[in-house]
Amino acid sequence: MAWEIDARTKIIALVGDPIEHSLTPQIQNAALKKLGVNVRNIAFRVPKGLLRDVVKGFKVAGVLGVMVTIPHKEDAFKIADERDKFAELMGSANLLVFKDKRVIAYSTDGYAASRSLRETGIDIRGKCVAIVGTGGAGRALAFQFVLDGARKLTLFNRTIEKAKKLGDELKRKLGFSEVRVLAYDPDLIRSELKNCDLLVNATSVGMHPNETGIPIPADALHRDLVVFDIVYNPVRTRLLKEAKRKGCKTVDGVPMLVYTNEKAIELCLGVKVTDELIKLMLRICYKALRHRH
Ligand SMILES: NC(=O)c1ccc[n+]([C@@H]2O[C@H](COP(=O)([O-])OP(=O)(O)OC[C@H]3O[C@@H](n4cnc5c(N)ncnc54)[C@H](OP(=O)(O)O)[C@@H]3O)[C@@H](O)[C@H]2O)c1
């Protein structure tokens, strides 16, 4: 089937700054092509502060939705007319959908992380979880893990004030009191991880081009720990390599990226994304990352 752009082609936009490194257009266009819809995902580099103007234009121009990444997630939340529950919790959004002249904001990072773990057979219920990094993604993971029934959360962040703020929000918004905030210190991490079931890296440490970076001391890892690194470039981060060596079960960041795209397609087009389509997106993403550097 020809898949040409014509005068009826619709757009799902992706905005951020920087944006050129993003894999989303590659992943999502493969899925859209397979779906046989006349829709394309196109990336736009939009400097901070200009999201409102761009969204206003997109809305008039008939764009279906806008996937939003750094530095616009808080602004996306503010400019929306309606927000889903998870966006309300987060105070930020990563997807805007135009519906009946209204702008609806969604926050899907929590869903995407949760499904990544679930699909690997990991159930968060009753688990003790350590999250390193409480930036945008770390916040989503913390809220989601509480909703998924985690027993205890420990938060580490280089800038401890951000972790403290998140800890307070978990108590206030979700009534969750089993949260500890600790300084980003190798000894504290070592002793805390002894009692944890799951470690999540939500910092950018270990990401290309700083691939030798590791967010925690490697000797803090033990074989009873599941290690989830949401960094996806490279797929096998130094943290995941060290964790494998220790015999830990590991989960990489690619499925989380794919499930974010799944949600965007579902919410912008109103279609269900099949398992076959998910598999296609996973294949495209792993292949693109293999050939990247
Ligand atoms: N797989 C996926 O779908 C997915 C989705 C979202 C994000 N991610 C990845 O997750 C990472 C974080 O994204 P984000 O959106 O949360 O970014 P962000 O809001 O900018 O947060 C960055 C986090 O990394 C920490 N950090 C940065 N450099 C550090 C260093 N040298 N030492 C210790 N901590 C450091 C920051 O600590 P401070 O607060 O102290 O600065 C903060 O906690 C990125 O690598 C991103 O690519 C993956």
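**The ligand shell, two helix pairs and a buried strand residue**

Around the ligand there are 25 residues, and those that come nearest are Gly135, Ala137, Arg158, Thr159 and Gly253. Three elements each give two or more residues to this shell: α5 (109–119), α6 (136–147) and α10 (254–269). The model is a predicted one, and the values below are computed from it.

Sorted by class, the shell around the ligand holds eleven nonpolar residues, eleven polar residues and three charged residues. The position of the ligand can also be described by domain. Domain 1 covers 10–107 + 255–290 and domain 2 covers 110–252; because both give residues to the shell, the ligand lies between them.

From the shell, α6 leads on to a helix pair. Helix α7 spans residues 160–174, and α6 packs with α7 at an angle of about 35°, their axes lying 11 Å apart. The crossing of α6 and α7 is right-handed. On the α6 side the contact is made by Arg139, Ala142 and Val146, and on the α7 side by Leu166, Leu170 and Leu174. Of the residues in this contact, five are nonpolar, one is charged and none is polar.

A second helix pair joins helix α1 (residues 24–35) with helix α11 (residues 275–290). Here the packing angle is about 145° and the axes are 9 Å apart. The crossing of α1 and α11 is also right-handed. From α1, the contact uses Gln26, Ile27, Ala30, Ala31 and Lys34. From α11, the residues in contact are Leu277, Leu280, Met281, Ile284, Cys285 and Ala288. By class, the contact of α1 with α11 has nine nonpolar residues, one polar residue and one charged residue.

The last stop is a single residue in a strand. Val97 belongs to strand β5, which runs over residues 95–99. Val97 has 23 C-beta neighbours inside 10 Å and therefore counts as buried, the cut-off being 20 or more. Apart from neighbours within four places in sequence, the residues in contact with Val97 are Gly65, Ile104, Tyr106, Leu267 and Cys268. Val97 can also be compared with Ile12: the two are 85 residues apart in sequence, while their C-alpha atoms are 9.2 Å apart in space.

Technical notes:
Residues numbered from 1 in each chain as written. Predicted model: local features only at pLDDT ≥ 70, side-chain atom pairs only at ≥ 80, totals over all residues. Near = placed C-beta within 6 Å. Helix = DSSP H or I, 4+ residues; strand = E, 2+ residues; numbered from the N terminus. Nonpolar A, V, L, I, M, F, W, Y, C, P; charged D, E, K, R; others polar. Domains from an automatic or database assignment. Axes fitted to C-alpha atoms, helices over the stretch in contact; angles between N-to-C directions. Left-handed = near helix turned anticlockwise from the far one by under 90°. Contact = placed C-beta atoms within 7 Å. Buried ≥ 20, exposed ≤ 12 C-beta atoms within 10 Å, placed from the backbone.
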